Amino acid sequence: MAAVIGPIYTTSHGRPITTPTASQSIGARGPILLQDVHLIDLLAHFDRERIPERVVHAKGAGAFGEFVVTHDVTDITSADLFSEVGRKTPVAARFSTVGGEKGSADAARDPRGFAIKFYTEEGNWDMVGNNTPIFFIRDGVKFPTFIHTQKRNPVTNLKDATIFWDFLSSNQESIHQVMYLFSDRGTPTDYRHQNTYSGHTFKFTKADGSFKYVKLHFLSRQGCKDMTNEEAAEAATNPDHATEDLYNAIERGDYPSWDLKVQVMDPEDAESYRWNIFDVTKVWPHSDYPLRPVGTLTLNRNATNYFAEIEQLAFAPSHLIPGIEPTADPMLQARLFSYADSQRHRLGVNYQQIPVNRPLHPGAYWQRDGFMSVQGNYGAAPNYPSTIKPNTYKPVDANQTHELWSGQAVWNLQEVTDEDFVQARWFWEMLGKKGDGEGQKLQQNLVGNIASHLYSAKQDIRERCYAMFGRVEPDLGQRLRLATEERVQSAPAVDSH
Ligand code: HEM
């Protein structure tokens with residue numbers, strides 16, 4: 001018997017193996033044998049190691065921690081996790097970039113995803129947000145094609161400024177988010193120094209059927225820090241710089257944290273508010289709807305296995321709990337379908353049974369079987385609404401009195417108007433107001449950041465973009481034209497179209 005120095009090594013069916021670093025062959029130089037089950041087992045499993053990466057947000061990093069309620073919000077929601085000050089809820093979080101593949105650079109100019117899974121007593125609540133409070137489009141039907149233009153040209157397999165700007169300048173509701181993206185906020189220093197927002201309007205509901213419209217903000221207690229284009233290019237020499245920063249901070253006990261604050265709107269106000277509250281390209285100015293504190297999220301534990309605990313994480317805006325509900329925002333409605341659908345493809349139909357996705361109290365007894373049912377498949381519990389062994393139906397849903405929808409089925413074309421440029425203009429002016437010459441620098445960075453990308457688009461697309469940015473502010477359009485065309489003169493782009 002060999003001395004025991006660690007766990008006994010076996011095949012995947014548990015047979016101990018004596019010489020796992022050698023394959024079995026006929027003589028020292030002869031062919032290897034099919035009966036070498038260990039070799040076959042190892043190779044066959046290796047051949048299947050890769051699963052589909054997320055179709056967007058493929059590159060990311062994650063960690064675990066807890067959310068603690070610091071302020072009473074029971075007047076606006078009956079969500080169990082907010083039921084009392086001091087209440088703690090375990091969480092999993094994942095940060096990401098959007099457009100790049102799994103190996104792409106953390107420093108890319110891109111929105112940053114920041115998704116949080118709250119393991120509550122009444123199910124998992126996923127807050128799947130970005131570090132910008134708005135988005136490029138407001139109709140989910142545009143999402144797949146928008147993403148195609150931000151990823152690779154189907155012919156060259158290269159990122160392509162022409163299709164990138166062709167889409168954005170043909171769908172100018174994007175302007176507000178484009179301004180964010182090409183300011184230095186488009187390149188946050190790392191994952192710890194960024195916020196996350198629900199973007200969409202959600203509902204906080206109470207057991208009596210009343211509700212408020214809310215937007216959620218998780219504000220970094222480390223502060224927000226951004227990089228200039230040059231700093232981001234330097235950071236990108238280490239493609240994993242933000243992943244490394246997050247992991248190391250948690251390992252050394254420097255736990256990052258975020259304060260959850262909510263903007264709260266009465267349903268009656270929604271009808272008369274200046275902007276459609278179901279339009280995710282718009283914010284609610286804090287002067288109209290101030291931030292109300294709720295609690296603090298802290299990340300204090302790294303995964304012990306990245307694939308098991310982070311790659312297999314499945315966040316979905318449809319994972320809501322009693323007290324938090326979706327609204328009619330058409331983008332949100334599209335997302336309610338898309339995520340779990342993607343996860344059934346990426347991880348399999350029983351993805352909710354993977355330990356990191358498993359709710360604290362699973363009870364979907366009528367869902368049975370399917371590939372990889374690994375949690376006992378609900379054993380002998382009935383798989384239908386049985387009168388012999390009945391389930392308990394917890395009374396958590398109330399009829400809501402305020403919302404009443406009726407109308408014709410219409411194609412909901414949302415025309416772009418001057419009103420879509422107002423908040424983008426505010427953003428430009430807000431950048432310019434920073435004191436000590438900082439404002440001018442931030443505005444100039446925005447112009448330079450766009451120029452350094454736009455210059456390689458075709459000329460007619462460049463012209464359309466100058467006109468689009470000119471609608472934000474004529475001076476911005478003019479400065480952008482000068483900076484971009486100067487760049488075109490000094491380094492003409494290769495036209496692949
Ligand atoms: C109709 C619009 C959208 C669609 C169809 C869509 C679809 C998707 C899909 C299919 C995934 C991959 C899910 C997976 O395989 O696990 C994903 C990931 C993600 N999306 Fe969206 N998305 C949309 C808009 C948005 C918006 C507006 C936000 C932010 C407010 C957002 C934030 C995220 C984040 C953070 C992830 C990564 C989650 C993770 O870390 O696993 N998405 N999206």
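Okay, aromatic rings to start. Phe-67, Phe-82, Phe-118, Trp-125, Phe-204 and Phe-218 are joined into a cluster through ring pairs. Keep in mind that what you have in front of you is a predicted model. Across the model, the count of aromatic pairs comes to 30. One of them, Phe-95 with Trp-258, is a tilted pair, with 5.8 Å from centre to centre and 40° between the planes. That pair ties together distant parts of the chain: Phe-95 belongs to strand 2, residues 88-97, and Trp-258 belongs to strand 8, residues 257-265, so we're talking about 163 residues apart. Both Phe-95 and Trp-258 are buried.

Rings also turn up with charges over them. Look at Lys-203: its charged end sits over the ring of Phe-211, 4.7 Å from the ring's centre. And then there's Arg-487, which lies over the face of Tyr-455 at 4.5 Å from the ring centre.

Right, on to the iron. Which residue is the protein donor of the ligand's iron atom? That's Tyr-339, through its OH, at 1.8 Å, and it's the only protein donor there. UniProt, in an unreviewed entry, also has a "binding site" feature at Tyr-339. If you want to find Tyr-339 on screen, go to helix 9, residues 330-346. Is Tyr-339 buried, exposed or partly exposed? Its relative accessibility is 24%, so Tyr-339 counts as partly exposed. As for company, once you set aside neighbours within four places in sequence, Tyr-339 is in contact with Val-128, Phe-315, Ala-316 and Pro-317.

Next, the active site. The record here is again an unreviewed UniProt entry, and for "active site" the residues listed are His-57 and Asn-130. Why do we say they gather at one spot? Because they span 74 residues in sequence, and yet no two of their C-alpha atoms are more than 10.5 Å apart.

Let me take His-57 on its own for a moment. You'll find His-57 in the loop between helix 1, 37-46, and strand 1, 60-69. With a relative accessible area of 18%, His-57 is buried, because the cut-off for buried is under 20%. The backbone has a quirk too: phi of His-57 is positive, near 60°, and this is a residue other than glycine. The side chain of His-57 makes a polar contact of 2.8 Å with the side chain of Ser-96. Leaving out residues up to four places away in sequence, His-57 touches Arg-94, Ser-96, Thr-97, Val-98, Gly-113 and Asn-130. So there's the other listed residue, Asn-130, among the ones His-57 touches.

Now Asn-130 itself. Asn-130 lies in strand 4, residues 123-130. It's buried as well, since Asn-130 has 12% relative accessibility. Beyond its neighbours within four places in sequence, Asn-130 has contacts that include His-57, Pro-111, Arg-112, Gly-113 and Phe-114. Also in contact with Asn-130 are Phe-135, Asn-195, Thr-196 and Tyr-197.

Back to that positive phi, as there's another residue to show you. Asp-436 isn't a glycine either, and its phi is positive at about 55°. Where does Asp-436 sit? In the loop between helix 10, 419-432, and helix 11, 438-454. Asp-436 has a relative accessible area of 86%, so it counts as exposed. His-57, remember, is buried.

Last stop, Thr-11, in the segment before helix 1. Thr-11 counts as buried because its relative accessibility is 5%. The side chains of Thr-11 and His-13 are joined by a polar contact of 2.8 Å. And if you skip residues up to four places away in sequence, Thr-11 touches Ile-17, His-38 and Asp-41.

If you'd like to look around afterwards, try going from Tyr-339, with its OH at 1.8 Å from the iron, over to His-57 and Asn-130, the two that UniProt lists for "active site".

Note on methods
Residues are numbered from 1 along each chain as its sequence is written. This is a predicted model: local features need pLDDT of at least 70, side-chain atom pairs count only at pLDDT 80 or more; totals for chains, interfaces and linings use all residues. Side-chain values use heavy atoms; hydrogens and water are left out. UniProt positions are given in the numbering used here, feature names are shortened, and annotations may be inferred rather than shown by experiment. Helices (H or I, at least four residues) and strands (E, at least two) are DSSP runs, numbered from the N terminus. Buried means under 20% relative accessible area, exposed over 50%, partly exposed in between (1.4 Å probe, protein chains only). Contact means heavy atoms within 4.5 Å. Rings of Phe, Tyr and Trp (its six-membered ring) pair if their centres lie within 6.5 Å; planes under 30 degrees apart count as stacked, over 60 as edge-to-face and the rest as tilted. A charge sits over a ring if NZ of Lys or CZ of Arg is within 6 Å of the ring centre and within 35 degrees of the ring normal. Donors are N, O and S atoms within 2.8 Å of the metal (3.2 Å for Na, K and Ca); water is not among the atoms, so sites may look incomplete. A polar contact is a pair of N or O atoms within 3.5 Å; within protein, one must be able to donate a hydrogen and the other to accept it, and residues adjacent in sequence count only if both atoms are side-chain atoms.
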